[in-house]
Amino acid sequence: MFEKVLIANRGEVALRIHRACREMGIRTVAVHSEADADAMHVRLADEAVCIGPARSSDSYLNKPAIISAALITGADAIHPGFGFLSENADFAEMVERHGITFIGPTAEQMRLMGDKITARKVAQEAGIPVTPGSPALESVDMAIEWAHKIGYPVIVKATAGGGGKGMKIAFNDEEMKEAYTMARAEAKAAFTSDVVYMEKYLQKPRHIEMQILADKYGHVVHLGERDCSIQRNNQKVIEESPSPALNEQQRKEIGEIVRKAIEKIGYTNAGTLEFLYEDGRFYFMEMNTRLQVEHPVTEAVTGIDIVREQIRIASGAALGYTQDDISFSGHAIECRINAEDPETFIPCPGKITEWHAPGGLGIRVDSEIYSGYTIPPFYDSMIAKLIVHGKTRNAALMRLRRALEEFVIEGVKTTIPLHQEIISQAEYIDGQYNIHWLEQFMEKLKLKQNQSK
Ligand code: ADP
């Protein structure tokens with residue numbers, strides 16, 4: 001087992017990794033930007049190294065600085081968390097070249113699954129159902145030709161895509177011309193590669209993803225699904241496990257398909273296969289070769305510490321259990337709480353003057369925040385994840401309502417009021433929602449507010 005792990009990230013996930021290491025008796029090294037000297041994970045880690053100025057490109061994305069920090073402190077492994085360098089195959093390769101273990105899949109596996117076109121091909125060949133789609137598009141004419149083959153509506157996507165960027169929907173040829181040009185431009189700006197392709201655009205799907213764990217000896221298990229359909233701008237807002245849309249049989253079926261496919265691909269460490277789900281059918285979208293923000297809902301229903309498993313697998317340990325050993329218990333829901341205006345979604349960094357996190361049975365709060373902490377304006381606006389677990393979905397919902405009420409965050413605006421609105425809606429309570437539900441609901445909310453003004 002590793003003796004010292006460097007955490008190449010910030011915020012709540014850095015703390016999450018620190019906690020797993022601590023429980024495993026592993027020492028931790030925090031790296032941080034000049035803006036994060038006061039961060040909780042920096043305070044708690046055994047050692048801390050400043051790796052550059054506030055801008056992510058100068059610090060959390062600064063590969064030589066991070067690797068130097070690992071060498072100087074004698075860390076034997078690096079956990080990349082999510083975002084930043086977590087899906088950067090070049091970084092993983094560079095880390096390994098310096099004799100340090102990258103906690104994640106191999107660089108080769110990351111490259112394979114990091115490109116959406118290749119990932120779709122690999123998944124399909126391994127028996128996973130995918131959305132009908134095109135190869136890389138080289139011109140508007142080619143895009144139109146493929147749109148006719150697949151049938152409108154279609155969605156143009158960046159093959160290097162992530163974070164909902166570089167995606168454009170087209171319902172006809174006219175819209176396709178614009179969608180193609182805009183998706184390329186957006187992809188170029190966000191990912192440097194402007195390669196785009198298209199997929200059939202499903203009109204009322206749910207986003208359901210499967211969590212897997214795979215060791216270096218070919219053992220693979222799935223940890224069930226997460227329903228992440230409550231989204232805004234293609235970004236997840238609330239996630240839950242199990243999905244209210246699946247029954248036991250469907251879960252088993254998709255779980256087995258995924259498990260066998262991962263065995264065949266020979267992928268290692270933790271990963272997530274994202275699907276759209278419509279009318280009883282699954283369509284593979286992409287694979288995330290890293291820890292996901294919403295992993296705690298899976299931990300709540302399986303009792304498995306996913307970060308711990310990532311570290312064990314990377315160190316060469318075998319899983320030590322099979323699919324039959326995994327049981328699912330109860331229901332878990334996660335709310336992503338952002339420091340944002342709940343109506344305009346404009347980020348709201350600043351000083352937290354008061355902080356009281358909810359507690360009690362079935363409540364977990366993953367956050368780097370403490371009273372008196374100042375949220376820097378340079379990074380993601382997510383400041384906390386509230387995860388609740390109950391015996392049934394209804395019990396989890398009641399607990400969530402109570403926990404949101406109890407949460408006190410003063411000094412900055414947060415999205416807590418939005419979460420309270422969402423979970424009090426009949427459709428949410430009944431589990432009757434798809435990926436468009438939240439945006440449609442917010443439109444209605446706005447109309448109502450305007451009318452009452
Ligand atoms: P990213 O890598 O940027 O997160 P994804 O491919 O995972 O992009 O898609 C993000 C979201 O966009 C999905 O959760 C879904 O809401 C929407 N989406 C993506 N592909 C489709 C599709 N073919 N049809 C309908 N919605 C889609």
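**The ligand shell and some backbone details**

In this predicted model, the residues of the shell around the ligand divide into seven nonpolar, seven polar and seven charged.

Colleague: How many residues surround the ligand, counting those with a heavy atom within 4 Å?

Modeller: The closest residues to the ligand are Lys116, Gly164, Lys200, Gln231 and Glu286. Strands β6 (154–158), β8 (196–200), β12 (269–278) and β13 (281–288) each supply at least two residues of this shell. The number of residues that surround the ligand is 21.

Colleague: Which residue has a polar side-chain atom 3.0 Å from a nitrogen atom of the ligand?

Modeller: Lys116 has a side-chain N or O atom that is 2.7 Å from an oxygen atom of the ligand, and a polar side-chain atom of Gln231 lies 2.8 Å from a ligand oxygen atom, so that both of these contacts, being N or O pairs, fall within the 3.5 Å cut-off for a polar contact. For the contact to a nitrogen atom of the ligand, at 3.0 Å, the residue is Glu199.

Colleague: What percentage of the ligand's accessible area does the protein cover?

Modeller: On its own, the ligand has 550 Å² of accessible area. The part of this area that the protein covers is 95%.

Colleague: At what angle do helices α1 and α11 pack?

Modeller: Two packed helices are described by the angle between their axes together with the distance between those axes. For α1 (residues 11–23) and α11 (residues 306–314), the axes are 9 Å apart, and the crossing is right-handed. The angle at which α1 and α11 pack is about 65°.

Colleague: Which residues of α11 does α1 meet?

Modeller: On the α1 side, the residues in contact are Arg16, Ile17, Ala20, Cys21 and Glu23. The residues of the contact between the two helices divide into six nonpolar, no polar and three charged. On the α11 side, the residues met are Ile306, Val307, Arg308 and Ile311.

Colleague: Which proline lies in the loop between β11 and α9?

Modeller: The peptide bond from Tyr152 to Pro153 is cis, with omega near -5°, but Pro153 lies in the loop between α7 (140–150) and β6. The peptide bond from Ser241 to the next residue is also cis, again with omega near -5°. The proline placed in the loop between β11 (235–241) and α9 (248–265) is Pro242.

Colleague: What is the phi of Phe84?

Modeller: Phe84 is placed in the loop between β4 (77–79) and α4 (89–97). Although Phe84 is not a glycine, its phi is positive, at about 35°.

Notes:
Residues numbered from 1 in each chain as written. Predicted model: local features only at pLDDT ≥ 70, side-chain atom pairs only at ≥ 80, totals over all residues. Heavy atoms only, no water. Axes fitted to C-alpha atoms, helices over the stretch in contact; angles between N-to-C directions. Helix = DSSP H or I, 4+ residues; strand = E, 2+ residues; numbered from the N terminus. Left-handed = near helix turned anticlockwise from the far one by under 90°. Contact = heavy atoms within 4.5 Å. Nonpolar A, V, L, I, M, F, W, Y, C, P; charged D, E, K, R; others polar. Near = heavy atom within 4 Å. Polar contact = N/O pair within 3.5 Å; in protein donor to acceptor, adjacent residues only side chain to side chain. Areas by Shrake-Rupley, 256 points an atom, 1.4 Å probe, with all protein chains shown as cover.
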